[in-house]
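The following paragraphs go through one protein model, from a single side chain to the nonpolar cores and the aromatic rings. Please keep the sequence and the coordinates open while reading.

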Amino acid sequence: MLFRSLKYKVLLVGQRTSDGTRSQLAIDKITSYDQATKLYGAGSQLARMFKSFFDNNRISDVYGCSLDDANAGVAATGSFVIGGTATKAGTFVAYLGGERIPIAVTAGMTANQIGAALQSAINADTGRQVTGTNVAGTVTITAKNKGEAGNDFDLRLNYYSGEELPDGITCTVNAMSGGANNPLLSSVIAILGDEWYNVICSPYYDATNMTAIENELASRFGPLRMIDGMYVTSRR
């Protein structure tokens, strides 16, 4: 007797950036992070979601559906406020979303010079979901996409043992905040029809979107449709 297991089908929903080639509310099967970057924009919320997905799952069929930022959306911001002048050589180690960014510091470097180097290192990787801007040693970090998810983006210094600020340098980290007004999942739900996705994943956990997806999943679970599934989101 031959048994066949159910082949899981996953839909990732998130925001695009303007340099993506695919318009919003189009559903595509995605087979690589490079493809997602091209369709949805380097450093976009949705492209980064696909990076995380492919880092952990190379088996399940996965599809993408992008959204534009909400018209009233606000991008989250945070900052590294650097002060002082280095009295000894060392390494300034920043972490953005878990990614380590080391900055070589020589004796005599000012806060502004370290900030400029950090800005350059951040923006050199267009795949990051944030950008950096230095003004007199204060490096402001801004999410590329607008909305609440940017508030959960982690900023920190010196995560591992042995990492410490160079002598003479101070730094205050201000967490990401101020992101507001997510796009609406209802626009995605409207185009899904009865296509069966076992897992639907997006970064939206606000009450409006949670209510919309809960109602849709309840309908899918019912006897007239029988295409049940689950919704996955996260919050730091």
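Does Q45 count as buried or exposed? The model is a predicted one, and in it Q45 has a relative accessibility of 13%. Buried means under 20% relative accessible area, so Q45 counts as buried. The residue belongs to helix 2, which covers residues 45-56. Leaving aside residues up to four places away in sequence, Q45 is in contact with G14, Q15, N145, A149, P203 and Y204.

The next topic is the nonpolar interior. In soluble globular proteins, nonpolar side chains tend to be buried together. Here the largest nonpolar core has 25 residues. Those with the most contacts inside this core are F80, I82, F92, L96, L118, I141 and M176. Two or more residues each come from strand 4 (77-84), strand 5 (90-96), strand 6 (99-105), helix 3 (111-124), strand 8 (138-143), strand 9 (155-157) and strand 10 (169-177). Helix 3 gives the most, with four residues.

F92 can serve as an example of the contacts made by a member of this core. Not counting residues up to four places away in sequence, F92 touches I82, I101, P102, I103, V105, I114, L118, L157, L165, P166, I169 and C171. A second core, separate from the largest one, has 15 residues, and V13, Y63, Y204 and Y231 are among them. Y204 also appears in the contacts of Q45.

The aromatic rings come next. The structure holds seven aromatic pairs. In one of them, the ring centres of Y63 and Y197 are 6.0 Å apart and the planes are at 70°, so the pair is edge-to-face. Y63 lies in strand 3 (residues 61-67), while Y197 is in the loop between helix 4 (186-192) and strand 11 (199-201), so the pair ties together parts that are 134 residues apart in sequence. Both partners are buried: the relative accessible area is 17% for Y63 and 4% for Y197.

Which residue lies over the face of Y63? K9 does, at 4.9 Å from the ring centre. The charged end of K9 also sits over the ring of Y197, 5.0 Å from the centre of that ring. K9 is therefore placed over each ring of the edge-to-face pair.

Elsewhere in the sequence, Y40, F50, F53 and F54 form one aromatic cluster.

Definitions and conventions:
Residues are numbered from 1 along each chain as its sequence is written. This is a predicted model: local features need pLDDT of at least 70, side-chain atom pairs count only at pLDDT 80 or more; totals for chains, interfaces and linings use all residues. Side-chain values use heavy atoms; hydrogens and water are left out. Buried means under 20% relative accessible area, exposed over 50%, partly exposed in between (1.4 Å probe, protein chains only). Contact means heavy atoms within 4.5 Å. A nonpolar core is a set of buried Ala, Val, Leu, Ile, Met, Phe, Trp, Tyr and Cys residues joined through side-chain atoms within 4.5 Å. Rings of Phe, Tyr and Trp (its six-membered ring) pair if their centres lie within 6.5 Å; planes under 30 degrees apart count as stacked, over 60 as edge-to-face and the rest as tilted. A charge sits over a ring if NZ of Lys or CZ of Arg is within 6 Å of the ring centre and within 35 degrees of the ring normal.
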